[in-house]
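Hi! You asked for some comments to read alongside the model, so I've jotted down a few. Keep the structure open while you go through them.

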Amino acid sequence: MTPSISKNHTLVLVVDDDLVIQMQLRYAMEKEGYKVIVASNGKIALDICLNSPPDIVLLDAMMPVMDGFSCCSQLHALDPNISILMITGEHK
């Protein structure tokens with residue numbers, strides 16, 4: 001008996017203003033079989049979520065136009081059950 005391989009249809013929204021980080025996250029998620037959409041700021045992410053709600057959001061904390069914290073708050077207002085993973089390169 002051959003094991004069946006099912007495609008993962010989970011939609012991941014990657015939100016980061018750094019193009020290199022965006023590409024790295026997209027590559028890593030697609031390599032694991034996830035479908036990926038990208039946005040460069042929180043405003044674009046909100047627009048995407050209204051049209052194509054993702055299963056999970058990988059959200060950068062510090063971005064222009066709308067930062068990750070404001071975006072997170074507004075995403076939760078749209079869908080209190082949305083899964084969000086905050087990511088940041090900030091260190092102190």
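Here are my notes as numbered points, going from the overall layout to single residues.

1. **What you're looking at.** First things first: this is a predicted model. The protein has three helices and four strands, and if you walk along the sequence you meet them in the pattern β-α-β-α-β-α-β. Of the 92 residues in the protein, 30% are buried.

2. **Start with β1.** Strand β1 covers residues 11–15, and five of its five residues are buried. Which way do the side chains point? Leu11, Leu13 and Val15 go one way, while Val12 and Val14 go the other way, and all of them are buried. So when you colour the model by burial, look at both faces of this strand, since residues on either side of β1 count as buried.

3. **Who sits beside β1?** β1 has pairing partners that are worth tracing by hand. With β2 it runs parallel, joined by five bridges. Two pairs to find on screen are leucine 11 opposite lysine 35 and valine 15 opposite alanine 39. β1 also pairs with strand β3 (residues 56–60), again in the parallel sense, this time over four bridges. For that pairing, look for valine 14, whose bridge partner in β3 is leucine 58.

4. **The link from β1 to β2.** Together, β1, α1 and β2 make a β-α-β unit, and the unit is right-handed. The helix in the middle, α1, has 13 residues and reaches 18 Å from its first C-alpha to its last. That is close to the 18 Å expected at 1.5 Å a residue.

5. **The two ends of α1.** What caps the N-terminal end of α1? It's aspartate 18: one of its side-chain oxygens lies 2.9 Å from the backbone nitrogen of valine 20. Past the other end, α1 is followed by glycine 33, which has a positive phi, near 95°.

6. **Tyrosine 34.** Just along the chain, tyrosine 34 lies in the loop between α1 (19–31) and β2 (35–39). Is it buried, exposed or partly exposed? It counts as partly exposed, because its relative accessibility is 29%, and the partly exposed class sits between the 20% and 50% cut-offs. In sequence, tyrosine 34 is 22 residues from valine 12, yet their C-alpha atoms are 6.7 Å apart in space.

7. **The nonpolar core.** The largest nonpolar core has 15 residues, and those with the most contacts inside it are Leu13, Val15, Val57, Leu59, Cys71 and Leu75. Which elements give two or more residues to this core? They are β1, α2 (42–51), β3 and α3 (68–78). The largest share, four residues, comes from α2. Note that Leu13 and Val15, two of the names in that list, point the same way from β1.

8. **Cysteines, but no disulfides.** A search of the whole structure turns up zero disulfides. Cysteine 49 is in none, and the nearest cysteine sulfur to it, that of cysteine 71, is 6.8 Å away. Cysteine 72 isn't in one either; the nearest cysteine sulfur there is also that of cysteine 71, 7.4 Å away. Why does neither count? A disulfide needs the two sulfur atoms within 2.5 Å. As for burial, cysteine 49 counts as buried because its relative accessibility is 9%. Cysteine 72 is buried too, with a relative accessible area of 19%, so have a look at how that value sits against the cut-off of under 20%.

9. **An odd one out: valine 65.** Most residues other than glycine have a negative phi. Valine 65 is not a glycine, but it has a positive phi of about 70°. You'll find valine 65 in the loop between β3 and α3. It counts as exposed because its relative accessibility is 68%.

10. **Finish on α3.** Leucine 78 is found in helix α3. Leucine 78 is partly exposed, since its relative accessible area is 47%. Try finding leucine 46 as well: leucine 78 and leucine 46 are 32 residues apart in sequence and 9.0 Å apart in space, C-alpha to C-alpha.

Definitions and conventions: Residues numbered from 1 in each chain as written. Predicted model: local features only at pLDDT ≥ 70, side-chain atom pairs only at ≥ 80, totals over all residues. Heavy atoms only, no water. Buried < 20%, exposed > 50% of the residue type's maximum accessible area, 1.4 Å probe, protein only. Expected span 1.5 Å × (residues − 1). Polar contact = N/O pair within 3.5 Å; in protein donor to acceptor, adjacent residues only side chain to side chain. Pairing = 2+ DSSP bridges. Right-handed = clockwise from strand over helix to strand, strands pointing away. Core = buried A, V, L, I, M, F, W, Y, C linked by side-chain atoms within 4.5 Å.
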